[in-house]
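User: Could you take me on a close look at one helix and the parts of the chain around it? I am new to this, so please explain the terms as you go.

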Amino acid sequence: MRRNFILYYLFCVFFISGSCKKEQAEGFFDYRTLGASAHDLLSSAKYPSLQIEIQYMPGYAPDASALNNLVTFLNSRINKPSGINIIQEEIGPSSLSVSSLNNIVNIERSYRNYFTGNDVISVYVLITNGYYSGNNILAISYWNTSFCVFGKPIDDNTDQPGDVSRSVLLTTILEHEFGHLMGLVDQGSPMLTNHRDPANGAHCSNPDCLMYYNVEAGFTDIISAVPSLDANCIADLKANGGK
Ligand SMILES: [Zn+2]
Ligand SMILES: [Zn+2]
């Protein structure tokens, strides 16, 4: 059965809360503004390795192919000579079918185990079992080393006849959200040439680019390829310590 065109888009919230900062110890690296650690993610100077902690709710484990794709993508763009390590853990389900940003932040604060320190920069990815605030939003980036993926709308729109595969969509989402942590577009990695989409925040104006605001809107019935970063986005990453 062919479904309606996928309308969902990747929404990126710039979450800045003074009340959160009060809980942070001096020098605490994580829980800062989106894009604030773009250079440290891209370069090896301070952090030669990257650790990715993925916590998922029951039934929403990421597939191995999506994670392999993510690591390949990251290795092509960031300098982490000591490697990229993924740690996965299942956590309990949320009773909320619809989560707010505060719900998500509270889960991260309760369950996140790994933080940036010594020579390892740590990124936290939460995959929930519900929707985001009643909207058809697939993921949000909200801090310098955190983002959340909403499992339910992804499952609702994948792996049925006429749908994109779940693995391809999840790969696209993971890579797009990492693009935000890496400072795209002009949110931590300054633009060399103007390619920010003025109507859609920290996104690329090129509809073929991974960092286009509704990147998966390009998905038609049969999609097998994850969108790539375009030359402008790659140039910004290179200029900020990436490759
Ligand atoms: Zn986005
Ligand atoms: Zn781009």
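Analyst: Here is a walk around helix α6, starting with the helix and moving out to its surroundings.

First, how to read the model. It is a predicted model, in which local features need pLDDT of at least 70 and side-chain atom pairs count only at pLDDT 80 or more, while totals for chains, interfaces and linings use all residues. Residues are numbered from 1 along each chain as its sequence is written, and chains are lettered from A and ligands numbered from 1 in the order in which they are written.

The chain has seven helices and seven strands. Helices (H or I, at least four residues) and strands (E, at least two) are DSSP runs, numbered from the N terminus. Read from that end, the elements follow the order α-α-β-α-β-β-α-β-β-β-β-α-α-α.

Now to the helix. α6 has 16 residues and spans 22 Å from its first C-alpha to its last, close to the 22 Å expected at 1.5 Å a residue. That expected span is 1.5 Å times one less than the number of residues. Of the 16 residues of α6, 14 are buried, so the helix is largely enclosed by the rest of the structure. A residue is called buried if 20 or more other C-beta atoms lie within 10 Å of its own, exposed if 12 or fewer, and partly exposed in between, with C-beta atoms placed from the backbone. For the chain, 43% of the 243 residues count as buried.

What surrounds α6? Let's begin with the strands. Helix α6 (residues 166-181) lies across β4, β6 and β7, and runs at about 25° to β6. Axes here are lines fitted to C-alpha atoms, for helices over the stretch in contact, and angles run from 0 to 180 degrees between N-to-C directions. Those strands belong to an open sheet of five strands with mixed pairing, in the order β2-β1-β4-β7-β6. Two strands pair if DSSP finds at least two bridges between them. At the edges are β2 (83-90) and β6 (139-143), each of which pairs on one side only. Neighbouring strands of this sheet are turned by 20° against each other on average, direction ignored.

Within the sheet, β4 (residues 120-128) and β7 (residues 146-150) run parallel and are joined by five bridges. There, Val 125 stands opposite Phe 147 in β7. Another helix packs on the sheet too: α4 (residues 101-111) touches β1 (49-56), β4, β6 and β7, and its direction makes about 130° with that of β4. Contact means that the C-beta atoms of two residues, placed from the backbone, lie within 7 Å. Further along the sheet, β1 is mostly covered, with six of its eight residues buried. Eight bridges link β1 to β2, and the two run parallel; Leu 50 has Ile 84 in β2 as its bridge partner.

Next comes a helix that packs against ours. Two packed helices are described by the angle between their axes and the distance between the axes. For helix α3 (residues 64-77) and α6, the angle is about 35° and the axes are 9 Å apart. α3 passes α6 in a right-handed crossing. A crossing is left-handed if the near helix is turned anticlockwise from the far one by less than a right angle, and right-handed if clockwise. From α3, the residues making the contact are Ser 65, Ala 66, Asn 69, Leu 70, Phe 73 and Leu 74; from α6, they are Ser 167, Leu 170, Thr 171, Leu 174, Glu 175 and Phe 178. By class, this contact of α3 with α6 has seven nonpolar, four polar and one charged residues. Ala, Val, Leu, Ile, Met, Phe, Trp, Tyr, Cys and Pro count as nonpolar, Asp, Glu, Lys and Arg as charged, and the others, Gly among them, as polar.

Finally, follow the backbone out of the helix. Just after α6, Gly 183 takes a positive phi of about 95°. The peptide bond from Leu 184 to Val 185 is cis, with omega near -15°, and Val 185 sits in the loop between α6 and α7 (231-239). Asp 186 is found in the loop between α6 and α7; its phi is near 60°, a positive value in a residue other than glycine. With 17 other C-beta atoms within 10 Å, Asp 186 is partly exposed.
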